[in-house]
Amino acid sequence: MSVHNFFAGPAILPQEVLKEASESAWRYQDHGLSILEMSHRSKPLTAIFEETEALIHELLNIPDDYKVLFLTGGASSQFYMVPMNLLNENETAGYVDTGTWSTKAIKEAKLFGNVKVIASSEDKNFNYIPKNYEVPTDLKYLHITSNNTIYGTQMQSFADCPVRMVIDMSSDIFSRPFDITSFDLVYAGAQKNLGPAGVTLVIVKKDILEKVERKIPSMLNYMTHVKKDSTFNTPPVYPIYVSLLTLRWIKKMGGVKVMQERNQAKADLLYGEIDRNPMFYGTTAVEDRSKMNVCFLLHDESKAEAFEAAAKDAKCVGIKGHRSVGGYRASTYNALPIESVQVLVDVMQNFEKQHG
Ligand SMILES: *Cc1c(COP(=O)(O)O)cnc(C)c1O
């Protein structure tokens, strides 16, 4: 019996991706070597980087004036690389604060320039997405977070914005189509919805770079990596390779539109049960519910142990909520099959029958 993986990150990857990745970790194609022991300057590796970049362009419909980069340091390093590269000391960037990750991004940006938090949902423990806020037109950029992994809220659409936008898409990139031209910079740590931890995807509009006055260390300067096609230094070869396998899988499945349909079906099933089942309730505003991280609580906390034991018996792992919300969080990333969601729903229904 297989395990149903609801971890928030690092998270589930398609079974066939893991199989191929492990074969290549032993012997890569007919090269007689593991992919782990081949030079990042070798032909096969160069081909991998090129295909990965091309596939990202294709799947997200990215025009040529953007560059796809494979960096390290996690999405957390983008919290400082973005303002370091885009914001002068006397300029102001706007941030929408929708939870832990954007709060961290705000803290880092303050090291480099002025920061204006133009909207926040902190008043309700980040259980909703602020809307209808005014965006001052003199901001250098507006930073938003598309999906709040910890709180289970997600921007369902991206409002027109009078200034450049930068977006943290760590936990929902490739889960649905979006218009890249609304953004000047998109970043995402791979380990939620794309691949293993270790590579951070950055998609940047090239003409916004090299406009700040400060000196930037080479490794932290986007332009260094743009010029060298992400091989200024040794890139995280294996995480990039496994991400490529996932991207091929997404394409084979029909692309991000099909991912969106699958994710919608899973979310409908799970939220439907949370709303129906009198034992549970959802934690977020209904219109802002994430299709990647489904957060819910028990009405009667004293039954937590029984519910968790039942989930464990059904081999549902990773459903414990983040400590800032408590309760449960079931992450339903691209690779999670709807059958796993059905198993969790069955657990919830049986739990109601036995303890309701
Ligand atoms: C996980 C996460 C991060 C942090 O990613 P790291 O790669 O661990 O630095 C940032 N933003 C969001 C939205 C996340 O989900």
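So, helix α6: 12 of its 17 residues are buried, so the rest of the structure largely encloses it. Keep in mind as we go that this is a predicted model.

Where does α6 sit in the chain, and how far does it reach? It covers residues 237-253, and from its first C-alpha to its last it reaches 25 Å, which is close to the 24 Å expected at 1.5 Å a residue. If you want to find the buried positions on your screen, they are V237, P239, I240, Y241, V242, S243, L244, L245, T246, L247, W249 and I250. And what do those buried residues pack against? They pack against helix α1, residues 15-26, helix α2, strand β2 and helix α7, residues 256-276. Just after α6 comes G254, with a positive phi of about 120°.

Now look at Y238, which is also in α6. You'll have noticed I didn't read Y238 out with the buried ones. Why is Y238 partly exposed rather than buried? Its relative accessibility is 22%, and the cut-off for buried is under 20%. Leaving aside neighbours within four places in sequence, Y238 is in contact with A21, S22, A25, I35 and L36. There's also a pair here from distant parts of the chain: Y238 and G195 are 43 residues apart in sequence, with their C-alpha atoms separated by 9.7 Å.

Okay, on to the sheets. One is an open sheet of seven strands with mixed pairing, and if you walk across it you go β2-β10-β9-β8-β5-β3-β4. The edges are β2, at 66-71, and β4, at 114-120, and each of those pairs on one side only. From one strand to the next, the twist averages 20°.

Inside that sheet, take β8, residues 165-168, and β9, residues 185-189. Do they pair in the parallel or the antiparallel sense? Parallel, over three bridges. For a landmark, D168 stands opposite Y187 in β9.

Two helices to point out on this sheet. Helix α2, residues 43-60, lies across β2 and β10, and it runs at about 130° to β2. Remember that α2 and β2 are both among the elements the buried side of α6 packs against. The other is helix α4, residues 100-109, which lies across β3, β4, β5 and β8, at about 160° to β3.

Let me stop at one residue in the loop between β8 and β9, and that's S175. Its relative accessibility is 4%, so S175 counts as buried. Which residues does S175 touch, not counting those up to four places away in sequence? The answer is Q154, N193, V256, M259, Q260, N263, M292 and N334. Also, S175 and L194 are 19 residues apart along the chain, and their C-alpha atoms are separated by 9.6 Å.

Next, the other sheet. This one is open too, with three strands in the order β11-β12-β14 and antiparallel pairing. Since β11, at 280-282, and β14, at 328-331, have a single partner strand each, one side of each is left without a neighbour in the sheet. The average twist here is 35° from one strand to the next. Strand β12, residues 293-298, pairs with β14 over four bridges, and F296 has Y328 as its bridge partner in β14.

Back to α7, then, because it lies across β11, β12 and β14, running at about 15° to β12. It also packs with helix α9, at an angle of about 5° and with the axes 9 Å apart. Why call α7 and α9 roughly parallel? Angles under 35 degrees count that way, and theirs is about 5°. On the α7 side, the residues that meet α9 are A265, K266, L269, L270, E273, I274 and R276. Their counterparts in α9 are I338, V341, Q342, L344, V345, M348, Q349 and E352.

Last pair: α9, residues 338-355, also packs with helix α8, residues 304-313. Here the angle is about 140° and the axes are 10 Å apart, and that makes α8 oblique to α9. The crossing is right-handed. A306, F307, A310 and A311 of α8 make the contact with V347, M348, F351 and H355 of α9. If you're clicking along, try M348: it turns up in the contact with α8 and in the one with α7.

Technical notes. Residues numbered from 1 in each chain as written. Predicted model: local features only at pLDDT ≥ 70, side-chain atom pairs only at ≥ 80, totals over all residues. Heavy atoms only, no water. Pairing = 2+ DSSP bridges. Axes fitted to C-alpha atoms, helices over the stretch in contact; angles between N-to-C directions. Contact = heavy atoms within 4.5 Å. Expected span 1.5 Å × (residues − 1). Buried < 20%, exposed > 50% of the residue type's maximum accessible area, 1.4 Å probe, protein only. Parallel < 35°, antiparallel > 145°, perpendicular 65-115°, else oblique. Left-handed = near helix turned anticlockwise from the far one by under 90°.
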